[in-house]
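Reader: I have a model open and want to learn to read one helix. Can you take me through it step by step?

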Amino acid sequence: MSVVEVLMPKMGESITDATIIKWYKKQGEKIIDEETLLEVATDKVDSEIPSPASGIVKKLLYNEDDVVNVGEVIALIEIEGTSESKPKLQKPFETRKVKITTSESKVKIAEPMSRVTATPINVTSGEEKEASVSAQIPASKFYSPLVKNIAAKEGISMDELDNITGSGANGRVTKKDILNYASSIVPNANNQISSSPISISETLTPSGDKAAAEDPAEEEMRASQSKHSGDEIIVMDRMRKLIADHMIQSKRTSAHVTSFAEADVTRMSEWRNKVKGDFLLKYGARLTFTPIMIEIVAKALREHPKLNASVNGNQIIIKRDINIGMATALPSGNLIVPVIHHADQYNLNGLAAKVSEKVEKARNNKLGIAEIQNGTFTITNIGSYGSQLGTPIINQPQVAILATGAIKKKPVVVESSSGDAIGIRQMMYLSMSYDHRVIDGYLGGTFLQTVVRLLENFDDKREI
């Protein structure tokens with residue numbers, strides 16, 4: 001007989017641990033390869049973990065509700081074979097298909113889920129720790145630690161929790177169910193304050209934990225603000241708190257510097273307006289400026305691979321794959337960044353289809369966890385809201401982010417062989433923030449000028 005060690009798999013760049021919700025097998029029971037062994041939960045996903053082999057469940061090393069670090073051995077499976085007594089590691093998790101149940105949808109992830117040995121920069125560690133802390137709520141039926149934690153933070157009583165109709169397996173209340181219920185409660189100033197009491201001598205850390213106020217002036221200001229009974233108090237939802245943590249952590253991590261450039265996008269804009277109707281009929285996807293920008297940025301990253309990188313301590317990791325994230329607004333007003341993986345390997349109609357798919361999923365809360373992971377560079381279109389310039393914050397652990405401004409018609413000097421002239425051109429500002437720890441002004445400016453060159457020399461005769 002030989003033994004296979006089952007490890008807690010990695011389920012995201014910033015996820016360091018998970019809570020065991022349920023064991024589907026007991027010690028001594030038979031299990032077959034790919035059969036569900038257990039279910040685990042983080043603040044982002046509930047995941048069913050399959051067995052890596054067929055055999056007998058020899059030992060379960062943790063109990064339900066235990067919080068386990070990624071990479072820890074959680075079970076031993078005895079299989080028939082050689083007489084080796086030394087346990088074998090399960091076959092690499094990245095080669096397996098794992099059923100990932102998100103709070104919005106259930107999807108099969110066929111893409112690799114790698115177990116990276118380098119420690120990633122944790123951009124949402126505060127919120128993830130919250131998910132691993134079991135809230136002190138007595139349960140009359142089973143609730144995952146994540147659901148109990150959210151209920152405690154939102155001030156939802158046990159009676160209310162018991163009355164929520166669950167959409168999970170066997171009627172189990174999921175993260176989506178509890179968040180939908182919390183958002184449906186009509187707040188007023190009184191119940192907002194009572195559901196999340198914060199004394200004047202307390203403030204919130206970036207992760208949402210309470211801490212003593214250090215600045216008496218800030219304490220006095222909060223006390224003054226709390227006296228205005230007509231003010232509306234809005235408690236950040238969970239996603240907004242995650243975004244806040246991410247932004248603060250990014251500013252603390254990277255030495256931000258922003259460079260600006262202006263591009264004449266007349267050719268690109270006129271070509272897009274000319275072909276967008278035929279493009280929709282031919283490919284069934286809208287031709288927005290986003291897939292065009294992704295195509296151009298992917299080309300620029302191939303010329304300047306140091307912008308397609310991350311930082312790990314004193315190491316600069318140049319990424320092999322070009323995975324471009326695109327900041328997308330949600331109906332709630334929050335933002336999410338779905339990723340176009342291997343963006344440089346798509347043609348324009350392929351990119352347009354991918355962009356349309358990701359935006360639709362984002363707006364309907366149907367993005368899978370793999371669809372927001374492993375980005376290497378991010379584009380944000382601030383021009384869609386009328387802004388021309390911005391100073392975007394780097395999406396950690398990346399080293400740069402590009403903001404595209406609104407396209408405006410302007411009188412500009414047009415150079416030609418017959419001399420200079422004033423012409424009406426469609427102009428767009430580009431704003432790129434980059435990490436000055438590893439990218440100096442020369443490299444940042446050169447990359448930006450490459451993007452400008454590709455935009456201004458856009459082939460307006462290309463066929464769709």
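Reader: At which residue does helix 8 bend, and by how much?
Author: This is a predicted model, so every value here is computed from it. The bend in helix 8 falls at valine 275. Its angle is about 50 degrees.

Reader: What distance between its end C-alpha atoms should helix 8 span, and what does the model give?
Author: Helix 8 runs over residues 266–283, which makes 18 residues. At 1.5 Å a residue, it should span 26 Å. The end C-alpha atoms agree with that, at 24 Å apart.

Reader: What phi does glycine 284 take?
Author: Glycine 284 comes just after helix 8. Its phi is positive, about 75 degrees.

Reader: Which residues of helix 8 are buried, and what covers them?
Author: The buried residues are Thr266, Met268, Ser269, Trp271, Arg272, Val275 and Phe279. Their cover includes strand 14 (256–264) and strand 24 (421–435). It also includes helix 9 (289–303), helix 10 (348–363) and helix 11 (441–456).

Reader: How many aromatic pairs are in the whole structure, and how is the pair of tryptophan 271 and phenylalanine 458 arranged?
Author: A search of the whole structure finds three aromatic pairs. Tryptophan 271 and phenylalanine 458 form one of them, with centres 5.2 Å apart. Their planes meet at 55 degrees, and the pair is tilted.

Reader: How many residues apart in sequence are the parts that this pair ties together?
Author: Tryptophan 271 belongs to helix 8. Phenylalanine 458 is in the segment after helix 11. So the pair ties together parts whose separation in sequence is 187 residues.

Reader: Is tryptophan 271 buried or exposed?
Author: Buried means under 20% relative accessible area. Tryptophan 271 has 3%, so it counts as buried.

Reader: Why is the pair of phenylalanine 279 and tyrosine 283 called tilted?
Author: Both residues lie in helix 8, four residues apart, about one turn of the helix. Stacked needs planes under 30 degrees apart, and edge-to-face needs over 60. The ring centres here are 4.8 Å apart and the planes stand at 55 degrees, so the pair is tilted.

Reader: Is tyrosine 283 buried or partly exposed?
Author: Phenylalanine 279 has a relative accessible area of 2%, so it is buried. Tyrosine 283 has 31%, so it is partly exposed.

Reader: Over which ring does the charged end of arginine 272 sit, and which residue lies over the face of tryptophan 271?
Author: The charged end of arginine 272 is 4.8 Å from a ring centre, and that ring belongs to phenylalanine 289. At 5.5 Å from the ring centre, the residue over the face of tryptophan 271 is arginine 462.

Notes:
Residues numbered from 1 in each chain as written. Predicted model: local features only at pLDDT ≥ 70, side-chain atom pairs only at ≥ 80, totals over all residues. Heavy atoms only, no water. Helix = DSSP H or I, 4+ residues; strand = E, 2+ residues; numbered from the N terminus. Expected span 1.5 Å × (residues − 1). Bend = angle between axes of the 7 residues up to and from the residue. Buried < 20%, exposed > 50% of the residue type's maximum accessible area, 1.4 Å probe, protein only. Contact = heavy atoms within 4.5 Å. Phe/Tyr/Trp six-rings, centres within 6.5 Å; stacked < 30°, edge-to-face > 60°. Lys NZ or Arg CZ within 6 Å of the ring centre and 35° of its normal.
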